[in-house]
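These are my notes from going through one structure, entry by entry. I wanted contacts, salt bridges, pockets and cavities.

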Amino acid sequence: MAKPVIITCAVTGSVHTPSMSPHLPVTPTEIAEQAIEAAEAGASILHLHARDPNDGRPSPDPAVFGEFLPRIKQSCDAVVNITTGGGSTMTVEQRMEAALVHSPEMCSLNMGTMNFGLFPVLDRMKDFKHDWEAPFLEATRDFIFKNTFKDIETALDRLGTGHGVRFEFECYDVGHLYTLKHFVDRSLIKPPFLIQFVLGVLGGIGADTENLVFMKRTADKLFGDDYEFSVLGAGRMQMPLAAVALSLGGNVRVGLEDSLTIGPGKLAERNADQVRQIRSIAESLSLDIATPAEARTRLALKGGDAVGF
């Protein structure tokens, strides 16, 4: 029988800016409310970033995370996954700081240094609410998203060994899978582990079905049955690639971090809208939705009672 589908909801991220959608959660209250709603709709994992509540810019501040993490824990049983990707203006140390302070069950971990281009948005948008937004986007024209072997080793040691954190290994291209294999071969990563195939970011692999199938085939060759996979399709490819992931026996990630829409030209008003949509697609394929408890068991997580918030 097919495994129940683990739905991850990435609630706000650091890619989109407030001017792109009035529905993007910015304040700790908004992030907490939308995360809790997403969990109630069926998300068993919540992938979380923080933002400056005054102007919505990405924030690495553990204190800002601390304003919404306890509320989420008190209101639902979903697995909390804190980013170590952070935002393009942050150092690697800043990107890990909140996770080191709050010791979640999971963290994201990017598996390679890459170009990460957001600047094409400027061809479509000219008016912004905040002065930081346009320069933030333009800066990605000359930006390298740094995730060296040493950076990855540091996260695996300080968060994995030090805090019992398990990881959502974000792979934006095929080479990232081979980097992951390097760390598996060194026994620094042990199964079961979760690979997030990320398609559609400028600088990474393109968002189409052939690329997804190739990523899956490569991961099967490298890892056999030792891994779970999930799929993130950026922008308008969110739901089409999520549907393909379901047909391949995989898990899915949705949320306003990855796409602001719920259909052609229609903004999603809540993260829960996207969770309900992919849940409906999964259930129409006779697939069950994983509970947080099932996700914890399959991914060998330390449990919600072992976090630091």
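**Entry 1: H130 and its contacts**

I was working on a predicted model, and I began with the contacts of H130. Setting aside neighbours within four places in sequence, I found H130 in contact with P18, S19, N54 and D55. I then looked up where H130 sits, and it is in the loop between β7 (114–115) and α4.

For the P18 contact I noted both separations. H130 and P18 are 112 residues apart in sequence, and their C-alpha atoms are 8.2 Å apart in space.

For D55 I looked at the polar atoms. A polar atom of the H130 side chain lies 3.4 Å from the backbone oxygen of D55.

Is H130 buried or partly exposed? Its relative accessibility is 22%. Buried requires under 20%, so I entered H130 as partly exposed.

**Entry 2: salt bridges**

I searched the whole structure for salt bridges and got 19.

I looked up E138 next. E138 pairs with R141 in a salt bridge, with 2.7 Å between the closest N and O atoms. I checked the exposure of both partners. E138 has a relative accessible area of 34%, and R141 has 49%. Exposed requires over 50%, so R141 at 49% is still listed as partly exposed. E138 is also recorded as partly exposed.

Then I turned to R253. One salt bridge runs from R253 to E257, with the closest N and O atoms 3.2 Å apart. Another runs from R253 to D258, where the closest N and O atoms are 2.9 Å apart. I checked burial here too: R253 and E257 are both buried, and D258 is buried as well. Following shared partners, I traced one salt-bridge network that joins E168, E170, R253, E257 and D258.

**Entry 3: the largest pocket**

I moved on to open space. The largest pocket holds about 1,100 Å³. I counted 44 residues in its lining, and those closest to the centre are V15, H16, L118, A234 and G235. Which elements give two or more residues to this lining? They are β6 (106–110) and α4 (133–138).

By class, I recorded 20 nonpolar, 18 polar and six charged residues in the lining of the largest pocket.

**Entry 4: the second largest pocket**

The second largest pocket has a volume of about 320 Å³. Its lining has 19 residues, and L156, F167, L188, I189 and K190 are the ones nearest the centre.

I looked up the source of this lining by element. At least two residues each come from α5 (149–163), β9 (166–171) and β10 (193–199). The largest share is that of α5, with five residues. The class split for the second largest pocket is 12 nonpolar, three polar and four charged.

**Entry 5: cavities**

How many cavities of 30 Å³ or more does the whole structure have? My search returned three.

The largest cavity contains about 70 Å³ of space. I listed its lining as H49, A50, S59, P60, F65, T83, G86, G87, M90, Q94, R95 and A98. Helix α3 (residues 92–102) makes the largest contribution to this lining, three residues. By class, the lining of the largest cavity has five nonpolar residues, six polar and one charged.

The second largest cavity has a volume of about 50 Å³. T84, V92, R95, M96, L109, N147, D151 and I152 line this cavity. I noted that R95 appears in the lining of the largest cavity and in that of the second largest. Two helices, α3 and α5, each supply at least two residues to the lining of the second largest cavity. I found that α3 gives the most there, with three residues. The split for the second largest cavity is four nonpolar, two polar and two charged.

Definitions and conventions. Residues numbered from 1 in each chain as written. Predicted model: local features only at pLDDT ≥ 70, side-chain atom pairs only at ≥ 80, totals over all residues. Heavy atoms only, no water. 1 Å grid on protein atoms, 1.4 Å probe; cavity = no way out; pocket = protein on both sides within 12 Å on 5 of 7 lines; lining within 4 Å. Points joined across faces, edges and corners; volume = space filled by probe spheres on them. Helix = DSSP H or I, 4+ residues; strand = E, 2+ residues; numbered from the N terminus. Nonpolar A, V, L, I, M, F, W, Y, C, P; charged D, E, K, R; others polar. Salt bridge = Lys/Arg side-chain N within 4 Å of Asp/Glu carboxyl O. Buried < 20%, exposed > 50% of the residue type's maximum accessible area, 1.4 Å probe, protein only. Contact = heavy atoms within 4.5 Å. Polar contact = N/O pair within 3.5 Å; in protein donor to acceptor, adjacent residues only side chain to side chain.
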